[in-house]
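I opened the notebook with a short list of things to look up, working from one residue outwards to the whole chain. My entries follow in the order in which I checked them.

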Amino acid sequence: MANYSVGIFSHSSVSVPVKDKKLLEVKLGELPSWILMRDFSPSGIFGAFQRGYYRYYNKYINVKKGSISGITMVLACYVLFSYSFSYKHLKHERLRKYH
């Protein structure tokens, strides 16, 4: 009978290709090569947005005991992006003197 030893699985002993790593698992030195391996075609970008939408939807919207936090995050992002796009115009208006 063979003697099989079952040990604890360690992630550090497994080498994962840079392309298959998640962004938070990529080391700083591997970041440029990781970015260059991403799919920047229109279908790749669409797929990334679709995965993000489904991830957000299943985590915050499609839950048994939902709250207003999912919708609040969407509204907060909308407010921040709209402010950042109109900041130049708002800054110009702020510096204008009315008299």
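In which segment does Lys21 lie? I looked this up on what is a predicted model, and found Lys21 in the segment before α1, the helix that covers 31-36.

Next I asked whether Lys21 is buried or exposed. The relative accessible area of Lys21 is 15%, and because the cut-off for buried is under 20%, I entered Lys21 as buried. I then listed the contacts of Lys21, leaving aside its neighbours within four places in sequence, and noted Val16, Val26, Glu30 and Trp34.

I turned to the largest pocket, since Lys21 is one of its lining residues. I recorded a volume of about 430 Å³ for this pocket, and wrote down the lining as Asp20, Lys21, Lys22, Leu23, Leu24, Trp34, Arg38, Ala48, Arg51, Gly52 and Arg55. Trp34 therefore appears in my notes both as a contact of Lys21 and as a lining residue of the largest pocket. Sorting the lining by residue class, I counted 4 nonpolar, 1 polar and 6 charged. Helix α2, residues 42-61, gives the largest share of this lining, with 4 residues.

For the whole protein I noted 4 helices and 0 strands, with the elements running α-α-α-α from the N terminus on. Of its 99 residues, 7% count as buried, and the protein exposes about 9900 Å², of which carbon and sulfur atoms supply 65%.

Last, I checked the record: an unreviewed UniProt entry places a "transmembrane region" at residues 67-87. Over residues 67-87 I found the chain to be 86% helix and 0% strand in the model, with the end C-alpha atoms 31 Å apart.

Technical notes. Residues numbered from 1 in each chain as written. Predicted model: local features only at pLDDT ≥ 70, side-chain atom pairs only at ≥ 80, totals over all residues. Heavy atoms only, no water. UniProt positions renumbered as here; feature names shortened; annotations may be inferred. Helix = DSSP H or I, 4+ residues; strand = E, 2+ residues; numbered from the N terminus. 1 Å grid on protein atoms, 1.4 Å probe; cavity = no way out; pocket = protein on both sides within 12 Å on 5 of 7 lines; lining within 4 Å. Points joined across faces, edges and corners; volume = space filled by probe spheres on them. Nonpolar A, V, L, I, M, F, W, Y, C, P; charged D, E, K, R; others polar. Buried < 20%, exposed > 50% of the residue type's maximum accessible area, 1.4 Å probe, protein only. Areas by Shrake-Rupley, 256 points an atom, 1.4 Å probe, with all protein chains shown as cover. Contact = heavy atoms within 4.5 Å.
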